[in-house]
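The following exercises concern a single protein chain. Each task is followed by a solution that proceeds step by step.

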Amino acid sequence: MPLIDEAAIVPGTGYIFLADPDTPRPTNITDPRDPGPAWNNIGHTSRDDLPEFGRDGDDPETLGTWQNAKLRQTSPDVTYSVTFQSVQATADTYRLYFGAGPEAVQPDGSLRIPARPAPQVGALLFIIVDGQRMVPLWFPRASLLGSDAVSMDVAQFWSFPITATFLGSSSIGGDLGEWAAVAGGGPSS
């Protein structure tokens, strides 16, 4: 693998967008704040607790025979996710955190919290920006739901931890998403 200095990324700024499930990946992002009309910015997220991508599942197991103790390794079942901290007290944030459909939003803009949360499924797009470079991360199907306690601190923003679990999408052969190579053209962070 060659040394590519431009591919070493500092995630100085980032944007998170949500769209209808299986919304296609934007093909020509020139402004990380506007990937296209299908994508809705989820708003401000924590700078202190940046998104964290997770991996949960089995470890590969090495199988052997009498003749070769390390003949083959299994392919483990793995689930991938990302957790981010929304800091906007809006109906959209509440819907994702509490697992509420659009019908839970009341005429005055408040949210009726469901007794039984239902993860909200949508396409998710992260655009990570490092100076003039961008790295889009696209997941056509993600199941989003609040994942921990709402955090309050008199010296920090109120934060709502939301976890998106990546689901297989028939639009890309059952796979989970695509991480793009580094692209140029973004604004300075």
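**Exercise 1. The hairpin**

How many residues lie between β7 and β8 in the hairpin that they form, and which residue in the turn has a positive phi?

Solution. The model is predicted: local features require pLDDT of at least 70 and side-chain atom pairs count only at pLDDT 80 or more, whereas totals for chains, interfaces and linings use all residues. Residues are numbered from 1 along each chain as its sequence is written, and side-chain values use heavy atoms, with hydrogens and water left out.

Step 1. Locate the strands. Helices (H or I, at least four residues) and strands (E, at least two) are DSSP runs, numbered from the N terminus. Strand β7 covers residues 120-130, and strand β8 covers residues 133-146.

Step 2. Examine the turn. Two residues separate β7 from β8 in the hairpin. In the turn, Gly131 has a positive phi of about 65 degrees.

Step 3. Examine the pairing. Two strands pair if DSSP finds at least two bridges between them. β7 and β8 run antiparallel and are joined by 10 bridges. Leu125, for example, has Trp138 in β8 as its bridge partner.

**Exercise 2. Further partners of β8**

State how many bridges join β8 to β9 and to β10, and whether β8 is covered.

Solution.

Step 1. Five bridges join β8 to β9, and these strands run antiparallel. Here Ala142 has Phe166 in β9 as its bridge partner.

Step 2. Two bridges join β8 to β10 (residues 178-179), again in an antiparallel arrangement. Leu137 is bridged to Trp179 in β10.

Step 3. Buried means under 20% relative accessible area, exposed over 50%, and partly exposed in between (1.4 Å probe, protein chains only). By this rule 10 of the 14 residues of β8 are buried, and the strand is mostly covered.

**Exercise 3. Leu145 in β8**

Is Leu145 buried or partly exposed, and with which residues outside its sequence neighbourhood is Leu145 in contact?

Solution.

Step 1. Leu145 counts as partly exposed because its relative accessibility is 24%.

Step 2. Contact means heavy atoms within 4.5 Å. Leaving aside neighbours within four places in sequence, the contacts of Leu145 are Leu96, Tyr97, Phe98, Gly99, Pro117, Pro119, Pro161, Ile162 and Thr163.

Step 3. Compare sequence with space for one of these residues. Pro117 is 28 residues from Leu145 in sequence, and the C-alpha to C-alpha distance is 8.1 Å.

**Exercise 4. The helix**

Which residues of α1 are buried, and what covers them?

Solution.

Step 1. Helix α1 spans residues 91-98, and six of its eight residues are buried. These are Ala91, Thr93, Tyr94, Arg95, Leu96 and Tyr97.

Step 2. The cover over the buried residues of α1 includes β1 (13-19), β6, β7, β8 and β9.

Step 3. Gly99 follows α1 and has a positive phi, near 65 degrees.

**Exercise 5. Aromatic pairs**

Describe the ring pair of Phe53 and Phe166.

Solution.

Step 1. Rings of Phe, Tyr and Trp (its six-membered ring) pair if their centres lie within 6.5 Å; planes under 30 degrees apart count as stacked, over 60 as edge-to-face and the rest as tilted. The whole structure holds 10 aromatic pairs.

Step 2. Phe53 and Phe166 lie 6.4 Å apart, centre to centre, with 35 degrees between the planes, and the pair is therefore classed as tilted. The pair links distant parts of the chain, since Phe53 is in strand β3 (residues 52-57) and Phe166, 113 residues away, is in strand β9 (residues 160-166).

Step 3. Phe53 is partly exposed because its relative accessible area is 31%, whereas Phe166 is buried because its value is 7%.

Step 4. Ring pairs link Phe53 and Phe166 into a cluster with Phe84, Phe126, Phe139 and Trp179. Both Phe53 and Phe166 are also among the contacts of Ser81, a residue in strand β6 (residues 78-86). Ser81 is buried because its relative accessibility is 17%.

**Exercise 6. The chain as a whole**

What pattern does the chain follow along its sequence?

Solution.

Step 1. The chain has one helix and 11 strands, in the pattern β-β-β-β-β-β-α-β-β-β-β-β.

Step 2. Of the 189 residues in the chain, 33% are buried.

Step 3. Among contacts with a separation of 6 or more, 63% are between residues 24 or more positions apart.
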